[in-house]
Amino acid sequence: MINKGQLTLYIFLAPVLLWLLLLIVIPHIDLFIISLQIEDDMGDMVWSLDNYRAFFDEQIYWLTFVRTAIYAILTTILTFLITFPVAFYITKVMSFKYSGFFTILLLVPFWVSEMVRIYGWMILLRESGVFNHFLLQIGLIEVPIEMLYNDISMVMGLVYTSMLFMVVPLMSSLEGLDDSLIEAAYDLGASKLVIFSKIVIPYILPGITSGAIVVFMLTLGNYLTPNLMGGKNSLWFTEQIYNQFIASFNWNQGAAFGFLLLVLSTLIIWLGLKLTRQNLSKALA
Amino acid sequence: MSFDLEVDNLVRDFASFRAVDDVSFQVEKGSFFSILGPSGCGKTTLLRMIAGFLEPDDGDIRIRGESVLGVPPNLRPVNLIFQHLSLFPMMDVNENIAFGLKRRKLQSAQIKHKVASILERVGLPEYGEKKISQLSGGQKQRVAIARALVLEPSILLLDEPLGALDLKLREQMKIELKKLQQDVGTTFVYITHDQSEALVMSDQVAVMNRGAFEQVDTPKGLYAHPKSGFVADFIGENNAYAARVESADPFRVRFDQELVFEGRAMHDLTVGDQCQLFIRPESVVINPAPDEQLNRFQVQVKNVLFDGANTKLLATIADTGLEIMTALPQDKRFDHVSAGDKLEVGVFQDSCICFR
């Protein structure tokens with residue numbers, strides 16, 4: 001017999017479990033099966049590992065992946081470097097009166113969809129855009145410069161779209177850091193640099209980890225920003241997957257790439273956690 | 001006489017509010033000095049100025065004869081025990097204590113030796129490897145003190161460190177802290193709102209009110225010879241009444257129309273002046289001998305407030321609405337006293353003290 005408490009639990013859990021099962025587990029199982037099949041000469045589906053082999057055989061595929069992973073790591077690091085001072089200033093330096101207002105200011109841009117935000121950047125950066133117009137007007141340049149469609153503009157766009165996901169966990173960890181810990185370290189003879197490296201950073205490490213994981217995963221799986229701001233030379237691994245599914249209509253190959261992305265990104269995160277001697281449950285607690 | 005800490009005419013304002021108002025005092029080398037006051041009296045501000053977290057608007061602070069104005073906290077020869085101790089949760093006990101020593105670039109063998117010997121001294125020799133979260137309240141207390149004392153500061157500042165402990169542990173830590181201070185001989189400056197902490201541990205106590213010192217004295221002196229109504233009221237328990245001076249010699253005051261007591265004027269008071277009359281609960285004698293010279297009056301018992309050796313009697317003074325609290329000695333003589341009884345009581349003239 002199921003008692004009343006358990007029944008309530010199951011009722012509340014049901015939507016979550018259904019969601020996981022129907023939208024995550026079943027499609028993934030299906031994708032996994034597809035990824036292990038290829039079409040033979042007769043047009044029949046047969047089991048094979050060729051889809052996975054293609055990833056390692058064709059340089060372009062795995063080089064794209066390596067490129068994507070390196071840029072995702074770079075984006076994560078840059079996002080941390082940019083958002084940490086902001087989070088620290090809002091939570092620790094600014095008076096309590098204004099910190100709420102500034103937190104909202106940070107959130108406001110994210111009420112607009114990513115697409116609109118990226119187009120915003122394009123309006124600013126393109127050849128006939130605001131920056132070029134301004135630079136031409138003041139006579140600093142004579143012909144407009146193309147600022148879009150390169151790796152720098154792409155990373156900038158990725159950092160911009162990721163900032164919120166880093167700043168929120170950083171701020172919540174920093175809020176948990178009692179000011180008197182900083183004062184105690186100062187009182188015991190620590191310089192400002194030592195306070196940051198020995199007290200603040202170790203204390204908020206779980207926040208950094210969870211922010212970094214989210215930013216890394218979102219960046220790795222981002223399609224829009226690399227596509228719009230990166231241009232033709234900035235291949236992103238998600239574009240490879242998209243190409244297989246939509247352009248080549250090779251679902252089997254696309255599914256294999258999707259699985260490889262999942263496995264390899266999980267591997268990178270596991271490696272990152274090992275290197276910083278963190279564990280996942282602590283970071284997400 | 002040499003002083004570890006000298007404070008001259010210290011002033012600190014927060015916007016239009018004067019938190020510390022012209023405070024001067026000296027602390028003798030090796031003594032236990034307490035600053036006692038209600039919350040919001042400016043004692044924390046004063047302490048933070050000594051530690052270096054706040055700069056005074058006026059006045060001077062000298063530690064062992066040298067002015068420390070403008071010296072940041074990490075370079076001052078003082079250490080502070082924070083109210084909530086502020087041990088670093090991501091480090092173990094050893095690392096916490098070694099933190100300050102490492103900042104001084106000591107050799108690791110030396111650090112190890114010093115940490116071990118200070119842990120021994122505070123009675124936690126086996127605790128070096130423990131995490132902070134594994135310690136009890138009293139152990140955290142001792143680690144916090146060890147972390148500061150290992151740096152051999154000229155002065156150790158303590159900001160109500162016992163406030164978070166439960167009563168039993170607090171009583172125990174009071175005695176331990178006093179012993180430790182005598183043992184190491186470091187000058188302690190202790191701030192608290194708990195008078196019993198200040199009275200039990202200190203050599204000298206400064207009573208602070210509204211940013212200024214009311215009186216600096218030994219604990220006994222504060223209790224026996226308060227110099228202001230605030231001190232009389234704040235230190236120990238006291239019955240306080242509004243009164244008017246009836247005659248100057250002998251000094252008599254009248255209160256609640258009917259009652260005239262002979263007493264002691266602590267301020268300049270002339271006939272007709274308003275004043276405050278204080279009577280300590282333990283100075284009230286129940287059923288006094290008939291030939292003794294004292295202010296006698298009748299009371300009706302309202303309640304016996306039993307608290308072991310601290311048992312009190314709450315009574316109303318006959319024919320008035322005034323309440324008086326008296327001590328009720330637990331020596332069997334007054335076991336029969338209960339609510340509703342009428343008693344004759346008396347107070348010695350010397351124990352009736354009056355302030356403006």
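Good morning. Let me begin with a definition: two strands are said to pair if DSSP finds at least two bridges between them. What I present today is a predicted model, and the definition applies directly to chain B.

In chain B, strand β11 (residues 239-247) and strand β15 (residues 274-279) run antiparallel and are joined by six bridges. One residue pair illustrates this: B:Arg244 has B:Gln274 in β15(B) as its bridge partner. Strand β11(B) is also joined, by three bridges, to strand β12 (residues 252-255) of chain B, and these two strands run antiparallel as well. Here B:Val245 has its bridge partner in β12(B), namely B:Val253. Between β11(B) and β12(B) the chain forms a hairpin, with four residues as the link.

Let me place these strands within the chain. The domain assignment divides chain B into domain 1, residues 3-233, and domain 2, residues 237-351. How far apart do the C-alpha centres of the two domains of chain B lie? They are separated by 39 Å.

I turn next to the start of chain B. Strand β1 (residues 3-14) and strand β2 (residues 17-28) of chain B pair in the antiparallel sense, with eight bridges between them. They make a hairpin with two residues between the strands, and B:Ala15, in the turn, has a positive phi of about 55°. B:Phe14 has B:Phe17 in β2(B) as its bridge partner.

This hairpin belongs to an open sheet of four strands in chain B, ordered β2-β1-β4-β5 and paired antiparallel. Which strands stand at its edges? They are β2 and β5 (66-67) of chain B; each has a single partner strand, so one side of each is left without a neighbour in the sheet. Within the sheet, B:Glu6 stands opposite B:Gln26 in β2(B). A helix accompanies the strands: α1 (residues 43-51) of chain B packs on the sheet and touches β1, β2 and β4 (58-63) of chain B. The direction of this helix makes about 60° with that of β2(B). As a general remark, side chains in a regular strand alternate between the two faces of the sheet.

Chain B has a further open sheet, of five strands, in the order β16-β20-β17-β18-β19, again with antiparallel pairing. At its edges stand β16 (284-286) and β19 (323-327) of chain B, each with a single partner strand, so one side of each has no neighbour in the sheet. From one strand to the next, the twist averages 45°. The edge strand β16(B) is joined by three bridges to strand β20 (residues 342-347) of chain B, and the two run antiparallel. In that pair, B:Val285 has B:Gly346 of β20(B) as its bridge partner.

I now move to chain A, where helix α12 (residues 251-275) will be our reference. The axes of α12(A) and helix α1 (residues 4-35) of chain A come within 7 Å and cross at roughly 120°. Because of that angle, α1(A) counts as oblique to α12(A). The crossing of these two helices is left-handed. From α1(A), the residues A:Leu31, A:Phe32, A:Ile34 and A:Ser35 meet A:Trp251, A:Asn252, A:Ala255, A:Ala256, A:Gly258 and A:Phe259 in α12(A). By class, this contact holds seven nonpolar, three polar and no charged residues.

Helix α2 (residues 50-57) of chain A also packs against α12(A), at an angle of about 65° and with the axes 8 Å apart. The angle makes α2(A) roughly perpendicular to α12(A). What is the hand of the crossing of α2(A) and α12(A)? It is right-handed. The residues A:Asn51, A:Tyr52, A:Ala54 and A:Phe55 in α2(A) meet A:Asn252, A:Gln253, A:Ala256, A:Phe257 and A:Leu260 in α12(A). This contact divides into six nonpolar, three polar and no charged residues.

Finally, I come to the contact between the two chains. Chain B contributes 16 residues and chain A contributes 15 residues. On the side of chain B that touches chain A, two or more residues each come from β6 (78-81) and α2 (93-103) of chain B. Of the elements, α2(B) gives the most to this side, with three residues. The residues on this side of chain B comprise nine nonpolar, five polar and two charged.

That concludes my presentation. Thank you for your attention.

Definitions and conventions: Residues are numbered from 1 along each chain as its sequence is written. Chains are lettered from A and ligands numbered from 1 in the order in which they are written. This is a predicted model: local features need pLDDT of at least 70, side-chain atom pairs count only at pLDDT 80 or more; totals for chains, interfaces and linings use all residues. Two residues are in contact if their C-beta atoms, placed from the backbone, lie within 7 Å. Ala, Val, Leu, Ile, Met, Phe, Trp, Tyr, Cys and Pro count as nonpolar, Asp, Glu, Lys and Arg as charged, and the others, Gly among them, as polar. Axes are lines fitted to C-alpha atoms, for helices over the stretch in contact, and angles run from 0 to 180 degrees between N-to-C directions. Angles under 35 degrees count as roughly parallel, over 145 as roughly antiparallel, 65 to 115 as roughly perpendicular and the rest as oblique. A crossing is left-handed if the near helix is turned anticlockwise from the far one by less than a right angle, and right-handed if clockwise. Domain bounds come from an automatic or database domain assignment.
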